[in-house]
Amino acid sequence: MKILKRMTEICTLIIIILITTVKLNSKTMLVDDFNKGRGRNKLDGMNIVWENKPGRCQIKYIKDTFHTFGGTGRSLQVTYDISVTNTSYCGYALGLNKRDISEFNYLSFWVKGEKGGEFFKVELKCWPANTNENRKVGKSYISDYLDGGVTSQWQKVVIPIDTFGSLIDKKDMWELTITFEHYQSTVNGSPMQGTIYLDDILFGTWKEGSVRFDHFGDKIEINGFGGNSSFADVNGYIKSKIIYTNDCIYPHVLKLDYAVERQDSYAFYYNLFGGGTNGFVAVPFDLSNYDYFSFWAKCESGEIDLKTTWPWKGLKIEMDTDDDPSVSYFTHIALTNNWKKIRIPLSNFKMNGSGPVSIDKSQIAKLVWVLDGFYLNDEDRSNSIYIDNIQFEEQGYRPDREAPMQPALLSFNGEELEDGEELDIMNDLSAVVTTGSNDPSLESVFFEYSMNNGLTWNRIGTDYDTTDEFYSVKWNTLYFSPARRIRVRACAMDASGNVSHAGYTCFINKDVQGEPLINKPLQSILSPNNDGVNDIIIFSGLMEGYRIDIYDREGRLIKTINKQDYWDGKNENNRIVDDGLYVYHIRIKNWKISGTIMVVSDNL
C-alpha cells in the first residue's frame, strides 16, 4: 500500500514487479548504465579514457536506436586505434571509488562491436596504496568468457570474480578497465582499429559454481587467470600451438606435440596463475570453494595408458602452491584418441603424487602438464595431445540454462491490466507479478514496449535492486502519438542472461492532453575535450517536434539541434566553439525554456 500511495503522487508510468521467493539470494550493484551521459558513474567514480601514445581512445555517450542497448536510453561507445606501433595500447576506465566487492561473485556487462572481432582485456584494480605490485590487478580477456568473441550483436558477458584472484584486497577497489593492446591483437589477428559498445555494467552475488582457466578462444597463450604459459624440456621435445578444430565443443584448442624417447627425458607445458606485473609471476589463487579440476582432452593416436601403482603411468598433471616451490602435487590420467571430459577431484592432487596430504586449494599458483619418459610406456613417448575447456568446478555444478518463471500479473492504476487498456499520456501503472523461488540467480527485471506488435522491442528501463521483492521503472509517454497501439511487457532476467516475460496490448488515450516536462540541463559547464567529463550537455524531457537553438553572446545563432538530445560544443560546421558563455532556447510546440552554458577548454 505504501508503494501504491507513492505512485499516485507522480505523473509517470511506473511498472512494478514482485518476485515472490522464500528468500532472495541474489544482489546486484550497478556500476553504470550510461543513461546520464556523463563522466561519473553510479558509484560516483570517474569514467575516463587513457592512452599510451600513439594508442588513441575516445568515448561517446550515444543515443541512437541502432546502437543503444535495448533501443532506448544511452550506451557507451568506445573507439580505439592501436595500429601504429607494437607498444600502442589504450583503454577506458570506470572508477570504483574504493567500493567493497568482496560479497559479489561475478562481474557482468553487455557488449557488441561495430564489425565484430574486436578484442580487449578486462581488468579489476585495487586501490594504489596496496603495496604488493603483483597483487593489485586481476585480469582476463573478453574471449575467455564470451565464446566466439565480440560480434556485431549485443551479448551478455559474465565473469566470476574468482577469475581476478590476483587481487589482494577486494574491499578497496580502484577501477575497472577495458584495455586494447597492439601486441595481443597482432598475435590473434583481431582489429587494430575499431569501436565497441558497452552497457549495464554491474557486480552480482549469484555464484554459478565454475571458473574458467582457459578455453583458448582468444588464441593467445595467456590463460583466463591472467598468467602466461610456456614450455620446456630436458632431453626431449615439446611445442605448443592453439589450433582451430571442428570436433570439440569449442572451436579452438591447445595442441601439444611432444617426444620424450628416453626414460630420463621429459617435457612440460606450464600455466602461471595471475602473472603479476610482467605476466610471468606465479600468484596464488584461493580456489577453496571448488572441488574439481576439469577439462576436455584426447591424444592424436593410440592411447596413453594409466597405471595407478608405482611406477605410475600416464599423463602427469601437476599443481604447485606458492608456499614451497620445491614441493609439487600431482596425479596421472589416461587419454584416448576421442575427446572426453575429465573431472579430477582436487583432493587427488597429492604431495609428490601419493600420501595423505592434498594440495592447499587456497594457495594454487601453477598448473603443469608433464610428459615424462619415466611415466610413459614406450609407445606413448611420442604423440600429440589436445586440451580444451579447462576450468574449476564446485560439487554439483551445472550450467544455468533455466529461465526465471514467467511474470504473471500486472496492474493499471490499482486494477489488473488487461489487453485493450487505455493509458493516459501521463500515467501511474503498477504491476504485481508472482514467480517461483527456484531461481536464485535472478539479476534484474526490465520493461519494454513495442509499436509493431512485438516485431521489435524498445527498453523502457531496468531495475537491478534485488534487495526487496519490488521492481519498478519510470516511463514518460508524452512523445507517443494519441491513440497509438502499444504492447508493454515485463521481463525477468537471471545472471546467465535467461529471460522470461509477459505483456499486454495498451493504447494511449487520444482525449488526454499533456504538457511537456521540459527540464533545464543538470549541468551548465561544457568542456568538449573527450575526457569523458562534461563532454556534452544533455537536454531531458524532449518530445516530438522539439528544437534547440544555441546563440553566442552577440546573439548569433551558432547551432540548431532537432535530431539529438545533447550539445557537444560544436557549431553547424562541426567545429568546437570558442570558450565563453552561450544561450540556449528549447521550443516544443507552444512551450519554451531558456538558459546558459559556459564552454571551457578544460574541466573546472
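A residue counts as buried under 20% relative accessible area, as exposed over 50%, and as partly exposed in between. Arg-40, at 39% relative accessibility, is therefore partly exposed. The structure described here is a predicted model. This briefing covers its salt bridges, strand pairing, aromatic pairs and charges over rings, and closes with one loop residue.

**Salt bridges**

- The structure holds 26 salt bridges.
- One of them joins Arg-40 to Asp-44, with 3.9 Å between the closest N and O atoms. Asp-44 has a relative accessibility of 45%, so this residue is partly exposed as well.
- Glu-393 and Arg-343 form a salt bridge through their side chains, at 2.7 Å from N to O. The two partners belong to distant parts of the chain, 50 residues apart: Glu-393 is in strand β26 (residues 382-393) and Arg-343 in strand β23 (residues 340-345).
- The partners of this bridge differ in burial, because Glu-393 has 1% relative accessibility and counts as buried, while Arg-343 has a relative accessible area of 34% and is partly exposed.
- Another salt bridge brings together the side chains of Arg-489 and Glu-448, at 2.8 Å from N to O. Since Arg-489 is in strand β34 (residues 485-494) and Glu-448 in strand β31 (residues 442-450), the bridge ties together parts 41 residues apart in sequence. Both Arg-489 and Glu-448 are buried.
- Lys-63, Arg-74 and Asp-565 are joined into one network by salt bridges that share partners.

**Strand pairing**

- Strand β17 (residues 266-272) runs antiparallel to β14, and 6 bridges join the two. Within this pairing, Ser-230 has Tyr-270 of β17 as its bridge partner.
- Strand β17 also pairs with strand β25 (residues 364-372), in the antiparallel sense and over 7 bridges. Here Ala-267 stands opposite Leu-371 of β25.

**Aromatic pairs**

- Across the whole structure there are 29 aromatic pairs.
- Phe-293 and Trp-369 make a tilted pair, with 6.1 Å from centre to centre and 45° between the planes. Because Phe-293 lies in strand β20 (residues 292-299) and Trp-369 in strand β25, this pair ties together parts 76 residues apart in sequence. Both rings belong to buried residues, Phe-293 and Trp-369.
- Trp-312 and Tyr-375 also form a tilted pair, because their ring centres are 6.0 Å apart and their planes stand at 40°. Trp-312 lies in the loop between β20 and β21 (315-321) and Tyr-375 in the loop between β25 and β26, so the pair ties together parts 63 residues apart in sequence. Trp-312 and Tyr-375 are buried.
- One aromatic cluster is formed by Phe-213, Phe-225, Phe-273, Phe-285, Phe-293, Phe-295, Phe-349, Trp-369 and Phe-392.

**Charges over rings**

- Arg-343, the salt-bridge partner of Glu-393, also has its charged end over the ring of Tyr-292, 3.8 Å from the ring centre.
- Arg-459 lies over the face of Phe-446, 3.7 Å from the centre of the ring.

**A buried loop residue**

- Asn-228 is part of the loop between β13 (210-214) and β14 (229-234). With 15% relative accessibility, Asn-228 counts as buried, because this value is under 20%.
- Leaving aside residues up to four places away in sequence, Asn-228 touches Glu-221, Ile-222, Asn-223, Tyr-270, Asn-271, Leu-272, Asn-278, Gly-279 and Phe-280. Tyr-270, one of these contacts, is also the bridge partner of Ser-230.

How values were computed. Residues are numbered from 1 along each chain as its sequence is written. This is a predicted model: local features need pLDDT of at least 70, side-chain atom pairs count only at pLDDT 80 or more; totals for chains, interfaces and linings use all residues. Side-chain values use heavy atoms; hydrogens and water are left out. Helices (H or I, at least four residues) and strands (E, at least two) are DSSP runs, numbered from the N terminus. Buried means under 20% relative accessible area, exposed over 50%, partly exposed in between (1.4 Å probe, protein chains only). Contact means heavy atoms within 4.5 Å. A salt bridge is a side-chain nitrogen of Lys or Arg within 4 Å of a carboxyl oxygen of Asp or Glu. Two strands pair if DSSP finds at least two bridges between them. Rings of Phe, Tyr and Trp (its six-membered ring) pair if their centres lie within 6.5 Å; planes under 30 degrees apart count as stacked, over 60 as edge-to-face and the rest as tilted. A charge sits over a ring if NZ of Lys or CZ of Arg is within 6 Å of the ring centre and within 35 degrees of the ring normal.
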